[in-house]
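Colleague: I would like a close look at one helix in this model and at what surrounds it. Please carry on from there to the cores, the charged pairs and the unusual backbone sites.

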Amino acid sequence: QNIVQLNRQRRMNRVKKVKKAVIPAAGFGTRFLPATKAMAKEMMPIVDTPSIQYVVEEAIASGIEEIIIVSGKGKSSIEDHFDVNFTLEENLRKNGKNEMLTILQKTNIPSIHYVRQPYPKGLGDAILQAAPFVGDEPFVVLLGDDIMPNDIPLTKLLMDTYEKTEGGVVATMRIPNNLVNRYGIIDIQDQVSEHVYSVDHFIEKPNLEDAPSNLAIIGRYLLTPEIFDVLRSQKPDSGNEVQLTDAIEALNQIHPLTAFEYTGKRYDVGDKYGLLIANIEFGLKKPETAKKMHDYIIALSKELKK
């Protein structure tokens, strides 16, 4: 038993703890114009909560200690959201609105740092901006377009997988075959364990006839710091963007990654329809809106049947 414990301790010493998260938030959000002309896309609300707050809360619930948000021009509202608003807090306190004060103070998160992506050169380049913050540690990447409520946060599931495999992990999900050309797709090598696969190749947006599976990369990654050397040497694509999937494919040839298959709920809030669905379903769960939303949807469905 002592030998088993010693070997486990040696392995844990070798595998560095994942403490840092990178959240890219530098995109223009053109799909949501004109709303995003003067507002960060990541601040688009799901009922009463900005989508990026759900992502930050997932990271913290997973045990992440420090977060860096890679932002761009016109994104100052994100920094303001997670900063202390002393004047508003005092107003709520004086007016006895303690419940609202508690909600407000939950957004005061001092462990968030910020860096700007100077030019819109793709997701890979955005993550590269976080290299000085990450250093030589493993880290997670959480994309703000994917909201994935789950009993065990998906980020935590990736971290648990990393401790077992000692290598990078990419979150994936089964999608309809007709959507494979919109995602990075994995070419499965073998099944390592339940929900975990070794990967031959990561393929960016293949045609249906060329797709080796329907297991698509979704917005959570656990990466080792070697990814930065790959990103630095990677040439931009035809659109002058550095693609993260291409960098992961190159890294996989040096330090093999695994794919974790997520089977929970996913909301794609980077899409208008996905954001609407999220607002409806979250609205049906919030106590202050659930009953009215339920009654309205029932009444509306009867109207639509006419």
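Modeller: What follows starts with helix α9 and then moves outward to other parts of the chain. The model is a predicted one.

Helix α9 spans residues 226-233, and its buried residues are I227, F228, V230 and L231. These four are on the same side of α9 because they cover an arc of only 160° around the axis. The face turned away from that buried side carries D229, R232 and S233, which are exposed. Two of these residues are paired: the side chains of R232 and D229 meet in a salt bridge, at 3.0 Å from N to O. R232 and D229 are 3 residues apart in α9, so about one helical turn separates them. Relative accessibility is 53% for R232 and 52% for D229; because exposed means over 50%, both count as exposed.

The cover over the buried residues of α9 includes α6 (123-128), α7 (131-134), β6, β11 and α10 (244-254). In the loop between α9 and α10 is N240. The phi of N240 is near 65°, a positive value in a residue other than glycine. Most residues other than glycine have a negative phi. N240 is partly exposed, at a relative accessible area of 45%.

Now the cores. The largest nonpolar core has 44 residues, and those touching the most other members are I52, I67, I69 and L154. Two or more residues of this core come from each of β1 (20-24), α2 (51-61), β4 (66-71), β6 (139-142), α8 (154-165), β8 (169-174), β11 (215-223) and α11 (272-283). Apart from this core lies another, of 33 residues, and F228 of the α9 buried side is among its members, as are I68, F133 and L143.

I52 of the largest core touches I23, A25, E42, M43, I69, I78 and F82, residues up to four places away in sequence being left out. E42, one of these partners, is in the loop between β1 and β2 and is buried at 6% relative accessibility. With neighbours within four places set aside, the contacts of E42 are A25, A26, P50, S51, I52, K75 and I78. The loop between β1 and β2 (45-46) also holds P34. A cis peptide bond joins L33 to P34, with omega at about 10°. Most peptide bonds are trans.

Another glutamate, E89, lies in helix α4 (residues 86-94). E89 is buried and has no salt bridge; R93, the nearest side chain of opposite charge, is 4.1 Å away. That pair is not counted because a salt bridge needs the nitrogen within 4 Å of the carboxyl oxygen. The side chain of E89 does make a polar contact of 2.8 Å with that of N108. Leaving out residues up to four places away in sequence, E89 touches V84, L101, L104, Q105 and N108.

The count of salt bridges comes to 14. One of them joins the side chains of K20 and E137, at 3.4 Å from N to O. K20 is in strand β1 and E137 in the loop between α7 and β6, so this pair ties together parts that are 117 residues apart in sequence. K20 and E137 are buried. A further salt bridge links K265 and E281, whose closest N and O atoms are 3.5 Å apart. K265 lies in the loop between β12 (258-261) and β13 (267-268) and E281 in helix α11, so the parts tied together here are 16 residues apart in sequence. K265 is partly exposed at 40% relative accessibility, and E281 is partly exposed at 25%.

One more backbone site remains. H195 lies in the loop between β9 (184-193) and β10 (196-204). H195 has a positive phi of about 75° although it is not a glycine, and it is partly exposed, with a relative accessible area of 26%. V196 lies in strand β10 and is buried, with a relative accessible area of 4%. The contacts of V196, leaving aside neighbours within four places in sequence, are T161, D190, Q191, T258, A259 and F260. From V196 to P212 there are 16 residues in sequence and 17 Å in space, C-alpha to C-alpha.

Key:
Residues numbered from 1 in each chain as written. Predicted model: local features only at pLDDT ≥ 70, side-chain atom pairs only at ≥ 80, totals over all residues. Heavy atoms only, no water. Buried < 20%, exposed > 50% of the residue type's maximum accessible area, 1.4 Å probe, protein only. Lys, Arg positive; Asp, Glu negative; His and termini not counted. Polar contact = N/O pair within 3.5 Å; in protein donor to acceptor, adjacent residues only side chain to side chain. Contact = heavy atoms within 4.5 Å. Core = buried A, V, L, I, M, F, W, Y, C linked by side-chain atoms within 4.5 Å. Arc of directions from axis to C-beta.
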